[in-house]
Amino acid sequence: LGSIIGLFGSMSALTVGFLVDKFGARKILNIVSPLDSMIGLGRMFVTTGAQVFGISMAASATMESQFLTVDSLAYSRGRHSNIVAIIVQREVGLSVGRFLFLLGIGILFWFGLPLATVFVMTSLAVLASRLYPSESRANL
């Protein structure tokens, strides 16, 4: 099943690449990010194997779409400035954000957080990362 999900992600990458060329990376990213958040919430309600497969395919498509659009924006911006600094800034921010999020979830688990709440918090974190008005986003 993992191969089918990977194949679906690859096919969605081709489709998203075409859509980015046609409509622009920002527009696609603004459409895909809320979809990823909804998929995160949908994972909370998964009960059967078919639902796991379906939600994994949808998550694969949205993640691939986000990677392609963000990379497209970063490389477009890097044409006119130092591409290494842009990529390092993005990766450091992602790593610090993941660490802080996992630390927060770990602390909440320690105090008895129900597992379903993790899915809600994850989807809210995905939306919050898209809505945060940072200087780097303004330049993308």
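A nonpolar core, as I use the term today, is a set of buried Ala, Val, Leu, Ile, Met, Phe, Trp, Tyr and Cys residues joined through side-chain atoms within 4.5 Å. Keep that in mind. One caution before we start: this is a predicted model.

Let me begin with the overall picture. The protein has six helices and zero strands. From the N terminus on, the order of elements is α-α-α-α-α-α. The protein has 140 residues, and 24% of them count as buried. Its accessible surface comes to about 9,100 Å². Carbon and sulfur atoms account for 72% of that surface. Now the contacts. Take those with a separation of 6 or more: residues 24 or more positions apart account for 67% of them.

Next, the core. Which residues make up the largest nonpolar core? There are seven: Val-16, Val-20, Ala-25, Ile-28, Leu-29, Val-32 and Leu-73. Helix 1, residues 2-23, and helix 2, residues 25-42, each supply at least two of them. The largest share comes from helix 2, with four residues.

Look at Val-20 within that core. Setting aside residues up to four places away in sequence, Val-20 touches Ala-25, Ile-28, Thr-69 and Ser-72. Ala-25 and Ile-28 are themselves core members.

Let's stay with helix 2 and go to Ile-39, which is located there. Is Ile-39 buried or exposed? Ile-39 is buried, because its relative accessible area is 12% and the cut-off for buried is under 20%. Its contacts beyond four places in sequence are Ile-55, Ala-58, Ala-59 and Thr-62. There is also a long-range pairing to point out. Ile-39 and Ser-123 are 84 residues apart along the chain, yet their C-alpha atoms are separated by 7.9 Å.

On to helix 3, which spans residues 49-78. I have two residues to show you here.

The first is Gln-66, in helix 3. At 14% relative accessibility, Gln-66 counts as buried. What does the side chain of Gln-66 make a polar contact with? The partner is the side chain of Asp-36, at 3.0 Å. Leaving aside neighbours within four places in sequence, Gln-66 is in contact with Leu-29, Val-32, Ser-33 and Asp-36. Leu-29 and Val-32 should sound familiar, since both belong to the largest nonpolar core. So this buried polar residue contacts two members of that core.

The second is Ser-60, also placed in helix 3. Ser-60 is buried too, with a relative accessible area of 18%. Beyond its neighbours within four places, Ser-60 is in contact with Ile-5 and Gly-9. Check Gly-6 as well. Ser-60 and Gly-6 are 54 residues apart in sequence, and 7.4 Å apart in space, C-alpha to C-alpha.

Now a residue in helix 1: Ser-10. With 41% relative accessibility, Ser-10 counts as partly exposed. Its C-alpha lies 7.9 Å from the C-alpha of Glu-64, with the two positions 54 residues apart in sequence terms.

That brings us to helix 4, residues 83-110. Two residues of this helix make a good contrast.

Start with Ile-86, found in helix 4. Ile-86 counts as buried, at 8% relative accessibility. Which residues does Ile-86 touch, not counting those up to four places away in sequence? They are Ala-74, Arg-77, Gly-78 and Ser-81. The C-alpha atoms of Ile-86 and Tyr-75 are separated by 8.6 Å, and the two residues are 11 apart along the chain.

Then Trp-110, which lies in helix 4 as well. Is Trp-110 buried or exposed? Trp-110 is exposed, because its relative accessible area is 72% and the cut-off for exposed is over 50%.

Trp-110 has company out there. It belongs to a nonpolar patch on the surface. The other members are Val-84, Val-88, Val-92, Val-96, Phe-99, Leu-100, Leu-103, Ile-107 and Phe-111. Together, the patch has about 1,100 Å² of accessible area.

Let me close with a short recap. The protein is made of six helices. Its largest nonpolar core has seven residues, including Val-20. Gln-66 is buried and makes a side-chain polar contact with Asp-36. Ile-86 is buried, whereas Trp-110 is exposed and forms part of the nonpolar surface patch. That's my tour.

Definitions and conventions. Residues are numbered from 1 along each chain as its sequence is written. This is a predicted model: local features need pLDDT of at least 70, side-chain atom pairs count only at pLDDT 80 or more; totals for chains, interfaces and linings use all residues. Side-chain values use heavy atoms; hydrogens and water are left out. Patches are made of residues with over 30% relative accessible area and no salt bridge: like charges are joined within 9 Å, nonpolar side chains (Val, Leu, Ile, Met, Phe, Trp, Tyr) within 5 Å. Accessible areas come from the Shrake-Rupley method with a 1.4 Å probe; for residues, only the protein chains shown count as cover. A salt bridge is a side-chain nitrogen of Lys or Arg within 4 Å of a carboxyl oxygen of Asp or Glu. Helices (H or I, at least four residues) and strands (E, at least two) are DSSP runs, numbered from the N terminus. Buried means under 20% relative accessible area, exposed over 50%, partly exposed in between (1.4 Å probe, protein chains only). Contact means heavy atoms within 4.5 Å. A polar contact is a pair of N or O atoms within 3.5 Å; within protein, one must be able to donate a hydrogen and the other to accept it, and residues adjacent in sequence count only if both atoms are side-chain atoms.
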